[in-house]
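Subject: Structure handover

Hi,

Here is the structure I promised to pass on. My notes follow below it.

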Amino acid sequence: MGKSYWALWRKFRIIPPVQKVKLAVKVLLRIFGIRMPLFIGGYDLKVDEKQKRQDRLIAKNLNMQKIADTRKITGRMYARARYESNRYGMNNLVLSIPERNSNVKFPSYIALMTDYLHQGGLEEVVQLLALEYQKRRIAVKVFCVYQGGRIARRLVRRHITVVSFYGNRKKFAEYLSVNRPYLVNTHSVSDFTDIINKQKIPVIEVIHNMYVYLTPGRIAMERNKMHDICCYIAVSDCVRDIFIQKMYRGSLEQKHRHVVPICVIGNTGRRLSKLQKDRKQIRQQFRIASDAFVFLMAGSIDPRKNQIGAVRALSILTSCISRPVALVLAGAVTDVEYEWKLRSVISERGLNDRVMMTGFQEQIADLMYASDVYLVDSYYEGWSMSATEALCCGLPLIHSWCGSGVELTAGGRNGILIDNPIKNIGSISDISLINDMHAGINENMEQLVSAMLEMIEHEPYWKQKQTEIAAYAHKHFSTEQMINQYLAVYAQI
């Protein structure tokens with residue numbers, strides 16, 4: 001039941017006020033035994049039937065022609081991403097990262113700040129920054145606008161100061177006046193930036209995700225917050241592009257608009273050590289056929305991650321080839337209704353023996369070394385830490401155009417970049433996005449299946465490249481490089 005409430009709370013936070021009221025009413029009706037789909041968009045049987053017809057047509061087309069040249073798809077998508085970076089007058093906003101000595105000293109401590117510090121990718125990045133600064137003997141503190149949690153306790157055990165303010169603006173202002181930091185590096189905070197600005201302390205905000213899900217009210221709040229920010233750090237080119245498109249749409253040419261420079265600093269991933277178990281043992285542990293070609297998706301069971309799209313693609317794939325294939329879904333359930341729909345799609349398509357749902361896996365390296373391809377078909381992401389870790393294990397990617405897809409696939413070097421499941425993802429409203437995700441819109445289905453076929457058809461090629469892929473990830477997405485770039489931006493500000 002706890003997971004159900006948490007999933008509802010997550011949805012409640014991102015939907016607009018009118019939808020909040022509707023959701024609350026539906027929850028109350030359930031108390032009286034009246035069950036209605038909790039989220040707009042729902043799961044319409046007519047949509048299901050339409051998707052099945054589309055899938056049959058895709059399978060027929062692929063069986064009638066040769067496997068699509070997905071490397072051409074990758075090249076086209078990479079060119080598109082480079083083109084996107086020059087739209088909306090972005091060249092006037094992009095801040096280059098200066099070359100600086102990594103041993104730069106600061107006259108006071110660096111404050112890292114987030115709303116909560118319990119768990120999640122954003123919180124993991126804050127933890128990484130704090131620990132790395134501590135290693136370099138840079139004074140650091142972590143501020144929580146509201147409260148800490150598991151990661152906060154972990155940092156305290158490592159002798160890093162974590163201060164929670166529980167939304168108390170007066171307490172925060174008093175603390176800053178007595179304990180003045182050199183700068184505050186905020187991570188998607190919802191409040192307090194105006195207090196920092198009034199005390200003339202520089203604020204550097206990190207944009208961790210594509211802001212496609214923001215309501216008009218939230219976008220207005222972010223625009224107002226811009227006046228408190230002196231510099232943005234986006235975690236990828238795609239994240240930067242979507243942020244500028246959302247925040248500056250139609251207003252860059254207006255001279256009165258407050259413009260904040262943006263630089264891009266990618267995240268890193270953990271270097272997962274190779275385990276003592278061999279590939280065969282790991283597959284036996286998770287009941288995966290030894291001769292199956294395995295696609296792995298790791299992440300919360302949630303519409304944003306689009307596991308249903310991957311299941312549909314697997315269904316089409318099995319009708320095109322005779323080789324055994326499997327899909328492993330590793331992640332905790334954060335949306336119970338989506339999990340119900342996912343399990344029903346798996347069952348309806350006769351894939352119960354081909355799709356494994358393992359739940360959250362602390363030792364994800366086990367599954368990565370037992371798999372052949374890492375799959376990300378999300379609607380939106382920030383920087384995918386798990387996909388970066390997969391590259392460090394030598395696993396090639398199939399990645400939709402979102403988050404760090406361009407950087408991680410590297411123009412086809414490390415895998416295949418395909419279109420976003422919603423091709424106009426940067427232009428649709430928050431309502432349309434939620435509707436489309438819950439309805440399971442997948443405009444990239446044929447590309448996805450073609451990419452999966454290409455990976456199977458050229459398995460020896462991608463096996464041979466595993467060492468090269470791992471070396472590329474360790475070189476380009478290292479913790480050392482990330483920290484040096486952050487410190488360079490701090491010093492410049």
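What share of the 493 residues in the chain is buried? The figure is 55%. Keep in mind that this is a predicted model.

Some totals to begin with. The chain has 21 helices and 13 strands. Its accessible surface is about 22000 Å², and carbon and sulfur atoms account for 52% of that. Take the contacts between residues at least 6 apart in sequence: 75% of them join residues at least 24 apart.

Now the sheets.

One open sheet has 7 strands, in the order S3-S2-S1-S4-S5-S6-S7, and its pairing is parallel. Strand S3 (161-164) and strand S7 (262-264) are the edges, each pairing on one side only. On average, neighbouring strands here are turned by 25 degrees against each other, direction ignored. Within this sheet, S4 and strand S5 (residues 203-207) pair in the parallel sense over 4 bridges. Val184 stands opposite Val203 in S5. H21 lies across S1, S4, S5, strand S6 (231-234) and S7. The helix runs at about 130 degrees to S4.

Another open sheet has 6 strands, again with parallel pairing, in the order S10-S9-S8-S11-S12-S13. Its edges are strand S10 (355-357) and strand S13 (415-418), and each pairs on one side only. Here the average turn between neighbouring strands is 20 degrees, direction ignored. Strand S12 (residues 397-400) pairs with S13 in the parallel sense, over 4 bridges. Ile398 has Ile416 in S13 as its bridge partner.

Two helices lie across this sheet. Helix H15 (residues 385-392) covers S8, strand S11 (373-376) and S12, at about 165 degrees to S11. Helix H18 (residues 445-457) lies across S8, strand S9 (325-330), S11, S12 and S13, at about 170 degrees to S13.

Next, the aromatics.

A search of the whole structure gives 21 aromatic pairs. In one of them, the ring centres of Phe106 and Tyr490 are 6.2 Å apart and the planes stand at 65 degrees; over 60 counts as edge-to-face, so this pair is edge-to-face. Phe106 is in the loop between helix H4 (70-84) and strand S1 (110-116), while Tyr490 is in helix H21 (residues 479-492). The two are 384 residues apart, so the pair links distant parts of the chain. Both Phe106 and Tyr490 are buried.

Phe172 and Phe192 make another pair. Their ring centres are 4.6 Å apart with planes at 20 degrees, so the pair is stacked. Phe172 sits in helix H7 (residues 169-178), and Phe192 in the loop between strand S4 (183-187) and helix H8 (193-198), so parts 20 residues apart in sequence are tied together. Phe172 and Phe192 are both buried.

These two also belong to one aromatic cluster, along with Tyr109, Phe143, Phe165 and Tyr175. Tyr109 has a charged neighbour: the charged end of Lys141 sits over its ring, 4.6 Å from the centre.

Last, one residue to look at.

Ile288 is in the loop between helix H11 (279-285) and strand S8 (293-298). Is Ile288 buried or exposed? Its relative accessible area is 7%, under the 20% cut-off, so Ile288 is buried. Leaving aside neighbours within four places in sequence, Ile288 is in contact with Arg283, Val294, Val328, Met356 and Leu367. The C-alpha atoms of Ile288 and Leu327 are separated by 9.4 Å, with their positions 39 residues apart along the chain.

Best wishes

Notes
Residues numbered from 1 in each chain as written. Predicted model: local features only at pLDDT ≥ 70, side-chain atom pairs only at ≥ 80, totals over all residues. Heavy atoms only, no water. Phe/Tyr/Trp six-rings, centres within 6.5 Å; stacked < 30°, edge-to-face > 60°. Buried < 20%, exposed > 50% of the residue type's maximum accessible area, 1.4 Å probe, protein only. Lys NZ or Arg CZ within 6 Å of the ring centre and 35° of its normal. Pairing = 2+ DSSP bridges. Axes fitted to C-alpha atoms, helices over the stretch in contact; angles between N-to-C directions. Contact = heavy atoms within 4.5 Å. Areas by Shrake-Rupley, 256 points an atom, 1.4 Å probe, with all protein chains shown as cover.
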